[in-house]
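Please look through the sequence and the structure below, and then follow the report that comes after them.

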Amino acid sequence: MYKIAVIPGDGTGPEVVEEGLKVLKHAARLHGFEYTTAVFDFGGARYLKTGKTVDEKDIDVLRGFDAIFLGAIGHPDVKPGILEQGILLKLRFALDQYINLRPVKLYNAAFCPLKDKKEEDIDFVVVRENSEGLYKGMGEFRNKATAEEVAIQVSYNTRKGVERCLRYAFEYTRKRNKRKALTLCGKTNVLTYAFDLWQRTFDELAIEYSDITTDYAHVDATTMWFVKNPEWFDVIVTDNMFGDIITDLGAMIQGGMGIAAGGNINPEGVSMFEPIGGSAPKYTGKKVINPLAAICAMGMLLETLGEDNAAQDIERAVITVVKTKLTSLAAGKMGYNTTEVGDLVVAHLGKK
Ligand code: IPM
Ligand code: MN
């Protein structure tokens, strides 16, 4: 019996979460597992009412679950940073979800903005460090609001933090068993402290993982190759900030935010799965948002719980729907509404 915490959150979050839970219900029936859910109202609406984001007690409660399913956090009436830091990043850090796993896979070449790219050309995974780097929030103002102002923002990288992320990436590349190629993405030519540590640790681990081919790419070149030669990549490992940036580009080349899912993973603890697209306030309540990213996030959640058959079934159903039903992956242009897309996935579950 799996215990799944559900955080629908803001904007279109609740709409896509509903479809993810619908798919979960049918996957459980077909693949013979049981679960319970508990819904948490963390988000902008609750913050505006109560001033509360997420506190230590909430975190402790979440520790008792097997996984967390998150819709979206972000509210147009709340100043940028409050909900992000108070809820999303708080959960990632407090639960030590030190990996942000973001698969980039093209399910239908017709939805790819790149010319002449086939489905097999875009199939890689970004392993983003999720607990350190620039996201650590270290820094200060000096002489704030004067002509002499200095704003300092530090990228904080520990040997332990870097090593556990890299080790996860090596293990993941081995388990994925595709091209067995791992690329470190960094900026060793400028960030000569942070990425020196990353590169040294990477090279040390590469000796241990002699079955994995390794290479290195600067982050700027990486963005160029995502557009020009995405087929070069199998698994990419990078720091928090670069991982944030390149996975939005990754989402676009796989067909857009409507299909991009990610997992905030603590391999030894409670992981949290989310569509990476955000709360999309302008589409809220219109039932036009694409729920497939949330449905794919549910697939990742089930894979992490060890329900591999259910996870594969969900992916297979999503691929069929994307290849044979939808006219676009973009909100309002799918040829179906949010609920109908969820229903289509359910209808294709359990088929070969
Ligand atoms: C993401 C988001 C978050 C991040 C924001 C909302 C804090 O952009 O999940 O990629 O920067 O990690
Ligand atoms: Mn982002």
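## The ligand and its surroundings

In this predicted model, an oxygen atom of ligand 1 is 2.6 Å from an N or O atom in the side chain of Tyr135. Taken alone, ligand 1 exposes 310 Å², and the protein buries 76% of that area. Two arginines also approach the ligand through their side chains: an oxygen atom of ligand 1 is 2.8 Å from an N or O atom of Arg102, and an oxygen atom of ligand 1 is likewise 2.8 Å from an N or O atom of Arg128.

The residues around ligand 1 are Glu84, Leu88, Arg92, Arg102, Arg128, Tyr135 and Asp244. Sorted by class, this shell holds five charged residues and two nonpolar ones, with no polar residue. Helix H4, which covers residues 82-94, supplies the largest share of the shell, namely three residues.

## The sheet

Strands of a sheet pair through backbone hydrogen bonds, and they may do so in a parallel or an antiparallel way. Here, 10 strands form an open sheet with mixed pairing, and their order is E2-E1-E3-E12-E11-E4-E5-E10-E8-E9. Strand E2 (35-39) and strand E9 (213-218) stand at the edges with a single partner strand each, so one side of each is left without a neighbour in the sheet. On average, and with direction ignored, neighbouring strands of this sheet are turned by 20° against each other.

One parallel pair can be followed in detail, since strand E1 (residues 2-9) is joined to strand E3 (residues 67-72) by five bridges. Within this pair, Ala5 has Ile68 of E3 as its bridge partner.

## Helices packed on the sheet

Helix H5 (residues 159-176) packs on the sheet, where it touches strand E4 (99-105), strand E5 (123-129), strand E8 (181-186), E9, strand E10 (235-238) and strand E11 (261-265). The direction of H5 makes about 160° with that of E5.

Helix H8 (residues 240-253) also packs on the sheet, touching E4, E5, E8 and E10, and the direction of H8 makes about 155° with that of E5.

## Two loop residues with positive phi

Most residues other than glycine have a negative phi. Which sign does phi have in Asn177? Although Asn177 is not a glycine, its phi is positive, at about 55°, and this residue lies in the loop between H5 and E8. Ala280, too, has a positive phi, near 40°, and is found in the loop between strand E12 (271-275) and helix H9 (292-304).

Note on methods: Residues are numbered from 1 along each chain as its sequence is written. Chains are lettered from A and ligands numbered from 1 in the order in which they are written. This is a predicted model: local features need pLDDT of at least 70, side-chain atom pairs count only at pLDDT 80 or more; totals for chains, interfaces and linings use all residues. Side-chain values use heavy atoms; hydrogens and water are left out. A residue is near a molecule or strand if one of its heavy atoms lies within 4 Å of it. A polar contact is a pair of N or O atoms within 3.5 Å; within protein, one must be able to donate a hydrogen and the other to accept it, and residues adjacent in sequence count only if both atoms are side-chain atoms. Accessible areas come from the Shrake-Rupley method with a 1.4 Å probe; for residues, only the protein chains shown count as cover. Helices (H or I, at least four residues) and strands (E, at least two) are DSSP runs, numbered from the N terminus. Ala, Val, Leu, Ile, Met, Phe, Trp, Tyr, Cys and Pro count as nonpolar, Asp, Glu, Lys and Arg as charged, and the others, Gly among them, as polar. Two strands pair if DSSP finds at least two bridges between them. Axes are lines fitted to C-alpha atoms, for helices over the stretch in contact, and angles run from 0 to 180 degrees between N-to-C directions. Contact means heavy atoms within 4.5 Å.
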